[in-house]
Amino acid sequence: MTRKEILAEVETLLSTYCNGCFLKKHHQLENGKRFAHRFCITECTVGNQIKSCGSKLK
């Protein structure tokens, strides 16, 4: 995959699943932004997909 295709895939994932995510909003209200961000990166399946796309960019 080219860099453009990988970035397009990440953008698609973010716009489809992350914008308006109930879990992120809930965790931000209950535990703060930092916890919500950490949850998205480490435990969310979409976050893991985004992380794997990022590793392809190296």
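**Exercise 1. Sort the residues of helix H3 into its two sides: which are exposed and which are buried?**

Step 1. Arg34 and His37 of H3 are exposed, where exposed means over 50% relative accessible area, buried under 20%, and partly exposed in between (1.4 Å probe, protein chains only). The model is predicted, so local features need pLDDT of at least 70 and side-chain atom pairs count only at pLDDT 80 or more, while totals for chains, interfaces and linings use all residues. Residues are numbered from 1 along each chain as its sequence is written, and side-chain values use heavy atoms, with hydrogens and water left out.

Step 2. On the other side of H3, which covers residues 33-42, the buried residues are Ala36, Phe39 and Cys40. Helices (H or I, at least four residues) and strands (E, at least two) are DSSP runs, numbered from the N terminus.

Step 3. These buried residues line one face of H3, because they fall within an arc of 95° when seen down the helix axis. The arc is taken from the directions that run from the helix axis to the C-beta atoms. An α-helix has 3.6 residues a turn, so residues three or four places apart point the same way.

Step 4. The cover over the buried residues of H3 includes helix H2 (22-31) and helix H4 (45-56).

**Exercise 2. Describe two residues of H2: is each buried or exposed?**

Step 1. Histidine 27 is found in H2. Its relative accessible area is 12%, so histidine 27 is buried.

Step 2. Apart from neighbours within four places in sequence, histidine 27 is in contact (heavy atoms within 4.5 Å) with Gly32, Phe35, Ala36 and Phe39.

Step 3. Lysine 25 also lies in H2. With a relative accessible area of 52%, lysine 25 is exposed. Its C-alpha atom is separated by 7.8 Å from that of alanine 36, eleven residues apart along the chain.

**Exercise 3. Place glycine 47: which helix holds it, and which residues does it contact?**

Step 1. Glycine 47 is in helix H4.

Step 2. The relative accessibility of glycine 47 is 13%, so it counts as buried.

Step 3. Leaving aside neighbours within four places in sequence, glycine 47 touches Cys40 and Ile41.

Step 4. Glycine 47 and leucine 7 are 40 residues apart in sequence, and 14 Å apart in space, C-alpha to C-alpha.

**Exercise 4. Check the cysteines: how many disulfides does the structure hold?**

Step 1. A disulfide is a covalent bond between the sulfur atoms of two cysteines. Here the criterion is a pair of cysteine sulfur atoms within 2.5 Å.

Step 2. The structure holds zero disulfides. Cysteine 21 is in none, and the nearest cysteine sulfur, that of cysteine 40, is 5.9 Å away.

Step 3. For cysteine 40, the closest cysteine sulfur is in cysteine 44, at 5.7 Å, too far for a bond.

Step 4. Cysteine 21 counts as partly exposed, at 22% relative accessibility.

**Exercise 5. Summarise the whole chain: how many helices and strands does it have?**

Step 1. The protein chain has four helices and zero strands. From the N terminus on, the order is α-α-α-α.

Step 2. The C-alpha trace spans about 40 × 20 × 15 Å along its principal axes.

Step 3. Of the 58 residues in the protein chain, 17% are buried.
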